[in-house]
Amino acid sequence: MRIHHLNCGSMRRIDPVGDSPLAPARALCHCLLVETDHDGLVLVETGLGTPDVARPEETLSREFLGRAQPVLDTRETALHQVTELGFQPEDVRHIVLSHLDLDHAGGLPDFPWAQIHLREAEHRAAMAAPGHHPEDRVRYRPAHWAHRPHWVTYPGHQGDPWFGFDAVRPLKGLDAEILLVPLGGHTLGHSAIAVADGDRWLLHCGDAYYFHGEIDPDSPRGHPGMDILQQITEVDRPLRLGNHARLRELVRLHGDEVSVFSAHDPWEFQRHTSSVRRSE
């Protein structure tokens, strides 16, 4: 398989913390495009889509627009980048989502024929929104699934162990090694997505954490601005923080086998795209 790292939605600029040598950078929507041998293209997350660029106040929300300050550039949509890589949009047969927040599912209308893979609990929460959580009206936008996608959902209590995580599931109907890893806290049915990359794994953690310092196994640290946003959007703080600890342990014990990254950290994205350019 060949894997492309895509930025499908630049957002507000964030500064590094402390005496970090990193330069300020825009938060983003880190997506993966996986070329498989038999299953066509698999898109891991969609970021923001073309309807979001054309009608942001309708498909997104004023709260999100003010909070995230998205750039809203058609060239950053997954649809545009798929065609720029020389594929047809219809080659995207499967989409895997960590959860259904608007900045992860905004591109669903651009691929209405694709099968959408996610955990059953996340699908149930989004379809029932707005529920009890005040963030539901912001995060779940029915315009993103008004085309009635082909949902493929997975119960959270079934599956196999994987590097210390439980109830991990391969995707139905795919030969490719792509796994759903339950990693709740940010939303009820949030998952990470593991993708085999040769003799290593990529673990896209979605919004399980926002800033790479949170999973540093030796000196974990947060980011003031991003910490506030995580607290606003979380549904289960003990579970979210517990999963931070589990991810730190994964990095400590298996960092040479699993490359861990989140959806919005721009410095993690730079690290992965720089390594891809060096290998080409």
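In this predicted model, the lining of the largest cavity comprises, by class, four nonpolar, two polar and two charged residues. The residues that form this lining are C8, G9, L48, V53, L72, D73, E76 and T77, and the space they line amounts to about 50 Å³. The count of cavities of 30 Å³ or more comes to one.

From this enclosed space the reader may turn to the open one, for the largest pocket holds about 450 Å³ of space. Its lining is made up of 24 residues, and those that lie nearest the centre of the pocket are M11, R67, A68, Y210 and L229. Sorted by class, the lining of the largest pocket has 12 nonpolar, five polar and seven charged residues. Several helices take part, since at least two lining residues are supplied by each of α3 (62-68), α5 (102-105), α7 (136-139) and α8 (224-233); of the contributions to this lining, that of α8, with six residues, is the largest share.

The strands remain to be described. Six of them form an open sheet with mixed pairing, in the order β1-β4-β5-β6-β7-β8, and the edges are taken by β1 (2-7) and β8 (150-154), each of which pairs on one side only. From one strand to the next, the twist averages 20°. At the β8 edge, the partner is β7 (residues 115-119), which pairs with β8 in the parallel sense over five bridges; I116, for its part, has W151 in β8 as its bridge partner. Helix α6 (residues 120-128) packs on the sheet here, touching both β7 and β8, and its direction makes about 100° with that of β7.

Definitions and conventions:
Residues numbered from 1 in each chain as written. Predicted model: local features only at pLDDT ≥ 70, side-chain atom pairs only at ≥ 80, totals over all residues. Heavy atoms only, no water. 1 Å grid on protein atoms, 1.4 Å probe; cavity = no way out; pocket = protein on both sides within 12 Å on 5 of 7 lines; lining within 4 Å. Points joined across faces, edges and corners; volume = space filled by probe spheres on them. Helix = DSSP H or I, 4+ residues; strand = E, 2+ residues; numbered from the N terminus. Nonpolar A, V, L, I, M, F, W, Y, C, P; charged D, E, K, R; others polar. Pairing = 2+ DSSP bridges. Axes fitted to C-alpha atoms, helices over the stretch in contact; angles between N-to-C directions. Contact = heavy atoms within 4.5 Å.
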